[in-house]
Amino acid sequence: MYNTTSRQFAVKRGPLVCAVALLFLAMGCATPWEKSALLKDTSPNIERVQGPTQRSLVNLFKKKQQEEDAAAGKSLKPIAGTEEYLEATDLFKEERYEEARVAFKKVAKKFKKSEIREDALFMQAESAWKQDNYAVAHDAYAILLKEYPSTRHLNVVSERLFTVGRLWLDFPEVVKLGEIHQVNFDQPAKGLPSDEPPKLPKAKPLFVPNFRNKKEPLFDTPGNGVAALSAVWMNDPTGPLADDSMMLVASYHARKGNYVEADRFFQMLRETFPNSPHVQNAFVLGSHVKLMSYQGPTYEGRTLREAQLLKESTLRLYPNLPEADRIREELARIEDAKALEIWASVEFYMRKNKKRSAAVYCHQVINEYPKSPYAAKARAKLVELGPEYSSGAAFLTTVDPEKSGFEKFLETPVPYRLKRAPADSFRITPKAKTSNSAKLNESAPPKATSEPDTETTDRPKKAPVEDSPDEVEQAPVEPEKPTKPRRRSPRGSTPDALPEGTDLEAERLNNPPVGRARL
């Protein structure tokens, strides 16, 4: 009975677990394995990367060492995992690729510290490649490059990853200038439609897994294609496919409208591969996507100035470009956009009713961009402000305009002053111990005397006479009342003036400088 109930509960629990897992994926929650992948340090590291010359020398040295070992009667048998590796190699030669892939995977997992692991990982990826299972092959190639960045199979691995990257991208060719959106100077945030819009395939849903096509990964096929191409130029920067892979990655971002990333990769291509055949396109396309990333006059104008410098450099390096007229027209529009940035400051200060500041920027527009349409607007604005602003005479005076009520309130002096007590009041005198009779005498009312006050003050005080215990017991003893701390005078009340002869600090407190109130 117990086993039947538990089995029924397990059957009912299965769909519930699947539903919860799908809910987590739909909400975007990170699973434990995704968290471990995100927290892992994935920054590129080239400590163990070797160039083509070094790799060829290492391979030559290993081959020579094997020949010497064979001449001396030694063999490959002492290397751990050699027998299993040779058996898997026989399966690969017989074109039993799935069995060979499983066998190579067992060898790589069993002999992790052996030299045979590098070849086992490579042959595992090759076995999957022969079956057109590119996703599994890509994962095996990635593990191989992570553990052996300068593997002797790097040339073959780079070719495989380059092919996979182009296959997984939606558009595997280099982008053309006509396929990118054009610059809209009136509304920079919204680009104009492209002259030759590319025929893009229908985008697949990001969260729908792929269970049918074994040539593609489980999720995000274009993103994995970009990762495969990036692995080519990161692990083999001196190889023949490094600049091609970087150009394809930049083209992908340009077609997608991610102009900031496209500009970054085009700039990296110009700086890293100056002798590449893609450099000319990197200058032309890079200047265009940099201008496309400009957001308007209300944002920082550094992007606009960088795009202008890049277009000018493109015309100097390649004067016979077919896009030369288009670049010159964009340079003229860039000058108007720079004048618009200054004119935006004029409008801002006019809304603040700062006439002098607005007049300064009007003169700047006229002096720096006299042929722009905003220069005429600046002249009209100066005429509207008055002759003293158009002639510049208002800038020679130091008279500020009338201040607002809040500014006047801040500059009014505070009506009350802090009172500083004399230094003698801070001296602490020890209290003498008094008996109970002394406390009774202090609490009793003073007796009236006919003598003047001056004589009583001059006479020496007599010591108190101790009373008898009976008298002390008859008189009630009142408890001392706690004294309350003295409060400061409220704001606006007039405190007492300090006596003459006080120190300089007290005088400074009585006569503070007139100005903005200290809060």
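## Aromatic rings and a buried aspartate

Arg270 is placed over the face of Phe283, with 5.4 Å separating it from the ring centre. This arrangement, like everything described here, comes from a predicted model. A comparable placement involves Arg264, whose charged end sits over the ring of Phe265 at 4.7 Å from its centre. The two placements are set out below.

| Charged residue | Ring | Distance to ring centre |
|---|---|---|
| Arg270 | Phe283 | 5.4 Å |
| Arg264 | Phe265 | 4.7 Å |

Rings also pair with one another, and a search of the whole structure finds seven aromatic pairs. One of them is formed by Tyr349 and Tyr361, which are stacked, with 5.7 Å from centre to centre and 15 degrees between the planes. This pair links distant parts of the chain, since Tyr349 belongs to helix H14 (residues 324–351) and Tyr361 to helix H15 (residues 355–368), the two being 12 residues apart. Tyr349 has a relative accessibility of 25% and therefore counts as partly exposed, and Tyr361, at 25% relative accessibility, is likewise counted as partly exposed. Together with Phe348, the residues Tyr349 and Tyr361 make up one aromatic cluster.

Turning to the aspartate, Asp263 is found in helix H11, which covers residues 259–272. Is Asp263 buried or exposed? Asp263 is buried, because its relative accessible area is 10%, and the cut-off for buried is under 20%. When its neighbours within four places in sequence are left aside, Asp263 is in contact with Gly286, Val289 and Lys290.

Definitions and conventions: Residues are numbered from 1 along each chain as its sequence is written. This is a predicted model: local features need pLDDT of at least 70, side-chain atom pairs count only at pLDDT 80 or more; totals for chains, interfaces and linings use all residues. Side-chain values use heavy atoms; hydrogens and water are left out. Helices (H or I, at least four residues) and strands (E, at least two) are DSSP runs, numbered from the N terminus. Buried means under 20% relative accessible area, exposed over 50%, partly exposed in between (1.4 Å probe, protein chains only). Contact means heavy atoms within 4.5 Å. Rings of Phe, Tyr and Trp (its six-membered ring) pair if their centres lie within 6.5 Å; planes under 30 degrees apart count as stacked, over 60 as edge-to-face and the rest as tilted. A charge sits over a ring if NZ of Lys or CZ of Arg is within 6 Å of the ring centre and within 35 degrees of the ring normal.
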